[in-house]
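I opened this entry to keep track of what I looked up. I start with the whole chain and then go to single residues.

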Amino acid sequence: MEANVSDYLVKVRNPYVPIKVEWQYGNEIAQKFLVQYARKSDFSDAISVETAGNVRTIDLYNLYKASDYFVRVTAFDESGNVSERAESAFQTTSLGPRVMNIEDICNVRDFGGYKTLDNKTIVQGIAYRGGALTSSNATLDPVLTENGKAYMRDVLGIKTEIDFRSEEESGVGKESVIPGVKLIHAVINGYEAAMDEPERYRNVFSLFADKDNYPLYYHCTGGADRTGIVTFILRALLGQSESDCIKDHEFTGFSIYGERNTKTGETGGWFRKFYDRLQGEYEGKTLQEKTVNYLRSIGVTQEEMDSIKAIFYGETETIKNL
């Protein structure tokens, strides 16, 4: 029997933990250090960070799951010449979600990085789920900073923002707060609305089927209920285990947006109604088969489902070249 998430929750603003890189440089003071970290051993995809000469450590965030990383630290002397260089490597864990540190929004996670039951790996770096980019609730105050906007546009390469709220609810209007990013309001409600609002949910999955929308960021206010149910359905379609689908939904509890429990409490009741209908109203021996039949029932075509799978399995040229 699955554990009850309420036994483990710790309310934090964001549950990301950095990888700490440390180095030694004797008793000397360098003019500066250049730290480069990359997923390719030739450093052709390196991200570079400069530090002051008295610094001996930096924190790395937003690293891909289950990935080899290569690190190079270069010291420059007072004349600006390279005085020393060292390299190392490490591997990130495959456990849990890839939790993103983006100023100053919450509950942001990469959709990818998980294994399916047939041992496919869902591509990382193409779809992100999370909280709102602007403040619609003063007590939560999610406001994407200028650095955050630049990171999402220039580093993550976000092309499309899908907001599950109306323009009136979000207060955003027709343009994304991220310059140059296309904003789509795909208005839905959560949980049982997946069955009761078929046209709206069909529209959402049609957006996921369009490879031209990627990389994308999708959200509601907290990235919890509407976003959580869309994510659960999408993961089930791709063939993730029921356990992984549920754990990912509940992970929102480790944020400022409060407990999302699939077993007890108010949100547990909402989830069970959705889940029981998915299990009881649609044919299939597995969660994936039931989800496919649910999506068919709301008008999502086989071609669209095949496109979603190809995108998230990394089987389209567009995604391979991102």
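**Whole chain**

I counted secondary structure first: the protein chain has 10 helices and 12 strands. I note that this is a predicted model.

I checked the overall dimensions next. The radius of gyration is 21 Å. For 322 residues a compact globule would come out near 20 Å, so the value agrees. Along the principal axes, the C-alpha atoms fill a box of roughly 70 × 45 × 40 Å.

Then I looked at burial and surface. Of the 322 residues, 51% count as buried. The exposed area is about 15,100 Å², and carbon and sulfur atoms supply 46% of it.

I also looked up the contacts with a separation of 6 or more. Residues 24 or more positions apart account for 65% of them.

Last for the chain, the charges. I have 37 positive and 48 negative ones, and their mean positions are 2 Å apart.

**Helices H5 and H8**

H5 covers residues 226–238, which is 13 residues. From first to last C-alpha I read 19 Å, close to the 18 Å expected at 1.5 Å a residue. How many of its residues are buried? I found 13 of 13, and H5 is mostly covered. Glycine 239 follows H5, with a positive phi near 95°.

I went on to H8, residues 287–297. Its buried residues are Leu287, Lys290, Thr291, Val292, Tyr294 and Leu295. I noted that a lysine is on this list. What do these buried residues pack against? I listed H3, H4, H5, H6, H7 and H9. H5 thus turns up again, as one of the packing partners of H8. Just after H8, glycine 299 takes a positive phi of about 105°.

**Strand S6**

I picked two residues here. Valine 82 sits in S6, which runs over residues 82–91. Its relative accessibility is 44%, so it counts as partly exposed. Beyond four places in sequence, valine 82 touches Thr74, Ala75 and Phe76. I also took its distance to lysine 182: 100 residues apart in sequence, 44 Å apart in space, C-alpha to C-alpha.

Phenylalanine 90 is in S6 as well. It is partly exposed, with a relative accessible area of 22%. The cut-off for buried is under 20%. Leaving aside neighbours within four places, I found phenylalanine 90 in contact with Ile19, Leu60, Leu63, Ser67, Asp68, Tyr69 and Val71. For isoleucine 19 I checked the distance too. The two residues are 71 apart in sequence and 9.8 Å apart in space, C-alpha to C-alpha.

**Backbone oddities**

I searched for cis peptide bonds. One joins glutamate 103 and aspartate 104, with omega about -10°. Aspartate 104 lies in the loop between S7 and S8. Another runs from tyrosine 214 to proline 215, with omega near -10°. Proline 215 is in the loop between H4 and S12.

I then searched for positive phi outside glycine. Phenylalanine 43 has a phi of about 65°. It lies in the loop between S2 and S3. Is phenylalanine 43 buried or exposed? I read a relative accessible area of 8%, so it is buried.

Asparagine 119 has a positive phi of about 70°. I located asparagine 119 in the loop between S8 and S9. At 56% relative accessibility, asparagine 119 counts as exposed.

Technical notes. Residues numbered from 1 in each chain as written. Predicted model: local features only at pLDDT ≥ 70, side-chain atom pairs only at ≥ 80, totals over all residues. Heavy atoms only, no water. Helix = DSSP H or I, 4+ residues; strand = E, 2+ residues; numbered from the N terminus. Rg over C-alpha atoms; globule rule 2.2 N^0.38 Å. Buried < 20%, exposed > 50% of the residue type's maximum accessible area, 1.4 Å probe, protein only. Contact = heavy atoms within 4.5 Å. Areas by Shrake-Rupley, 256 points an atom, 1.4 Å probe, with all protein chains shown as cover. Lys, Arg positive; Asp, Glu negative; His and termini not counted. Charge placed at Lys NZ, Arg CZ, Asp CG, Glu CD. Expected span 1.5 Å × (residues − 1).
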